[in-house]
Amino acid sequence: MEEKKVSLVKSILFTICSVLVLDSFVASSAIGVSSITIWLITTVLFFLPYGLVTAELGSNYPGDGGIYLWIKRAFGDKIGVLNGWFYWVNVAFWMPAVFVAFSSWFSYAFMPEASPIFLAGLALVMCWLIVYIGIRGVDLSVTVTNIAAIFKVAVLLIFGFMGIAYALQHGSANDFSVASFMPTPGNTVRYISVIIYNLLGFELIGSIGNQIDNPGKTIPKMTVVAGVIISALYIFGTYGVLVAIPANQIDTVDGFYYALLELCKVFGSFQMPVFYVIILVAMSTLISNMVSWTLGANEVFIAAKLDQRNRFLKHRSAKYGTPDGLYYFMGIVATFLIIVNYATTGDANAIFWTIFSFSVIILMIPYLFMFPAAILLRKKDATMQRIYQVPGGMTGLVVCSVLGEACLILSIILMFITAESSFVIGTYVVGTIITLLLGIWLYHSKEQLPKEETPHLPDETH
């Protein structure tokens with residue numbers, strides 16, 4: 001039976017689901033009203049260049065593996081494999097952070113007296129639900145993410161429109177004067193990294209490039225449409241949050257919950273019923289977000305043949321043919337992180353930020369190689385008949401790549417500058433070194449690798 005291809009509409013929904021995140025988008029609102037300005041600036045200086053570059057790479061090199069394939073083709077196998085490993089580790093760390101937020105929202109809404117043991121248990125259950133969905137295969141994963149993309153769009157639109165209604169009824173919790181939109185160094189730098197992190201994910205659709213219908217045309221169109229929708233929704237949702245809660249009272253995990261609760265006052269006596277419906281929908285999007293990211297990360301892992309270097313990791317489900325060993329490994333990592341963090345602290349915000357901030361640094365490392373890879377591949381494959389390329393020729397590509405690279409470097413530096421203690425900085429450094437060493441060990445693992453296959457590329461002229 002012929003395999004179903006992912007259409008343009010499904011690819012747009014998949015990307016919206018991948019990039020839009022409700023668990024961390026509120027965090028940047030702590031900057032205040034100027035966060036809206038930062039969103040706009042970041043969209044122009046990073047998101048648009050990043051989208052254009054990934055559109056060129058994804059349409060011309062559409063094989064499964066996405067970012068790994070691009071880096072490998074430009075820099076060689078070892079650098080490609082290590083970056084594929086970093087990409088995977090980020091998701092393995094991010095998943096427990098997401099479900100710490102999930103269990104916290106559930107507790108606030110339905111079980112305020114829930115113990116840390118219960119919350120940890122709920123987070124673990126959700127992590128293993130993702131493992132189950134992933135093992136069931138791509139079709140289920142794409143279906144789940146498509147439905148969730150609609151939910152995410154709805155939630156952020158509701159935030160924005162409720163913000164307008166709330167401001168008319170109760171006034172605004174923050175000053176929206178012209179001066180308030182001007183960024184100031186003191187309250188801005190901490191969350192610039194979070195904003196850029198929230199905009200990453202365009203390349204995920206490229207990780208299943210061979211399953212996309214007409215990728216040369218689909219990926220560029222998807223990039224434009226999804227990019228405009230994503231930026232507008234983040235800004236509109238942020239407006240709603242800032243109308244409801246003073247910036248200095250916004251927490252990384254609690255902020256979404258309390259902003260939604262406050263905004264639902266516009267429904268009068270129906271405040272709580274509406275709130276419960278929206279919070280349940282929002283919680284479901286956390287599940288879908290991890291479905292799309294675990295799918296993308298595991299496809300990168302497989303493309304890099306990292307799974308083939310270990311007998312457990314290369315195991316395939318007898319029923320579905322999916323990499324169940326890889327999903328189980330991700331579940332084990334998430335389980336370890338949740339247990340350790342709940343055992344050492346009961347503060348959900350602290351747990352979320354500790355795991356999340358490390359995953360931010362780990363994820364950004366592959367992108368540092370992706371932008372120069374785009375330039376090298378334009379030169380290396382100069383004779384290729386390209387399906388799509390960044391407007392402006394080589395100059396346009398270099399400008400986009402330099403902007404993207406500069407924003408990433410700035411984000412990583414700011415993560416260290418704004419760290420709350422030398423212990424946290426040490427965690428970043430030691431954690432990154434350990435991740436690198438594990439990647440090198442996996443790369444040099446003695447398991448027999450399958451014969452290298454040359455990926456199929458679009459028409460080339462020689």
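Biologist: In which helix does Thr 354 lie, and what makes Thr 354 count as partly exposed?

Modeller: In this predicted model, Thr 354 belongs to helix 12, which spans residues 348–380. Its relative accessibility is 42%. Buried requires under 20% and exposed requires over 50%, so Thr 354, at 42%, counts as partly exposed.

Biologist: How far apart are the C-alpha atoms of Thr 354 and Ala 97?

Modeller: They are separated by 8.5 Å, although Thr 354 and Ala 97 are 257 residues apart along the chain.

Biologist: Helix 12 also holds Arg 378. What makes the pairing of Arg 378 with Glu 56 a salt bridge?

Modeller: The closest N and O atoms of Arg 378 and Glu 56 are 2.8 Å apart. The limit is 4 Å, so the pair counts as a salt bridge. This salt bridge links distant parts of the chain, with Arg 378 in helix 12 and Glu 56 in helix 2, 322 residues apart. Both residues are buried.

Biologist: Why is Asp 381 called buried, and why is Arg 73 called partly exposed?

Modeller: Asp 381 has a relative accessible area of 8%. That is under 20%, so Asp 381 is buried. Arg 73 is at 24%, which lies between the cut-offs of 20% and 50%, so Arg 73 counts as partly exposed. The side chains of Asp 381 and Arg 73 meet in a salt bridge, with 3.0 Å from N to O. This pair, too, links distant parts of the chain: Asp 381 sits in the loop between helix 12 and helix 13, and Arg 73 in helix 3 (residues 67–75), 308 residues apart. Elsewhere, salt bridges that share partners join Glu 56, Arg 378 and Arg 386 into one network.

Biologist: What about Asp 77 and Lys 72: which of them counts as buried, and why?

Modeller: Lys 72 has 17% relative accessibility, which is under 20%, so Lys 72 counts as buried. Asp 77 has 30%, above that cut-off but not over 50%, so Asp 77 counts as partly exposed. The two form a salt bridge, their closest N and O atoms being 4.0 Å apart. A search of the whole structure finds 5 salt bridges.

Biologist: Why are helix 2 and helix 13 called oblique to each other?

Modeller: The axes of helix 2 (residues 34–60) and helix 13 (residues 393–417) come within 8 Å and cross at roughly 125°. Roughly perpendicular ends at 115 degrees and roughly antiparallel starts over 145, so an angle of roughly 125° is oblique. Their crossing is left-handed.

Biologist: How do you know that helix 4 and helix 14 are oblique too?

Modeller: The axes of helix 4 (residues 77–110) and helix 14 come within 9 Å and cross at roughly 125°. This angle falls between 115 and 145 degrees, so helix 4 and helix 14 are oblique to each other. Helix 4 passes helix 14 in a right-handed crossing.

Biologist: Helix 14 covers residues 422–443 and includes Leu 437. Why is Leu 437 called exposed?

Modeller: The relative accessible area of Leu 437 is 52%. The cut-off for exposed is over 50%, so Leu 437 is exposed. Leu 437 is one of the residues in a nonpolar surface patch, along with Val 429, Val 430, Ile 433, Ile 434, Leu 438 and Trp 441. Together the patch has about 670 Å² of accessible area.

Biologist: How many helices and strands does the protein have?

Modeller: The protein has 14 helices and 0 strands. Of its 462 residues, 59% count as buried.

Terms used. Residues are numbered from 1 along each chain as its sequence is written. This is a predicted model: local features need pLDDT of at least 70, side-chain atom pairs count only at pLDDT 80 or more; totals for chains, interfaces and linings use all residues. Side-chain values use heavy atoms; hydrogens and water are left out. Patches are made of residues with over 30% relative accessible area and no salt bridge: like charges are joined within 9 Å, nonpolar side chains (Val, Leu, Ile, Met, Phe, Trp, Tyr) within 5 Å. Accessible areas come from the Shrake-Rupley method with a 1.4 Å probe; for residues, only the protein chains shown count as cover. Helices (H or I, at least four residues) and strands (E, at least two) are DSSP runs, numbered from the N terminus. Buried means under 20% relative accessible area, exposed over 50%, partly exposed in between (1.4 Å probe, protein chains only). Axes are lines fitted to C-alpha atoms, for helices over the stretch in contact, and angles run from 0 to 180 degrees between N-to-C directions. Angles under 35 degrees count as roughly parallel, over 145 as roughly antiparallel, 65 to 115 as roughly perpendicular and the rest as oblique. A crossing is left-handed if the near helix is turned anticlockwise from the far one by less than a right angle, and right-handed if clockwise.
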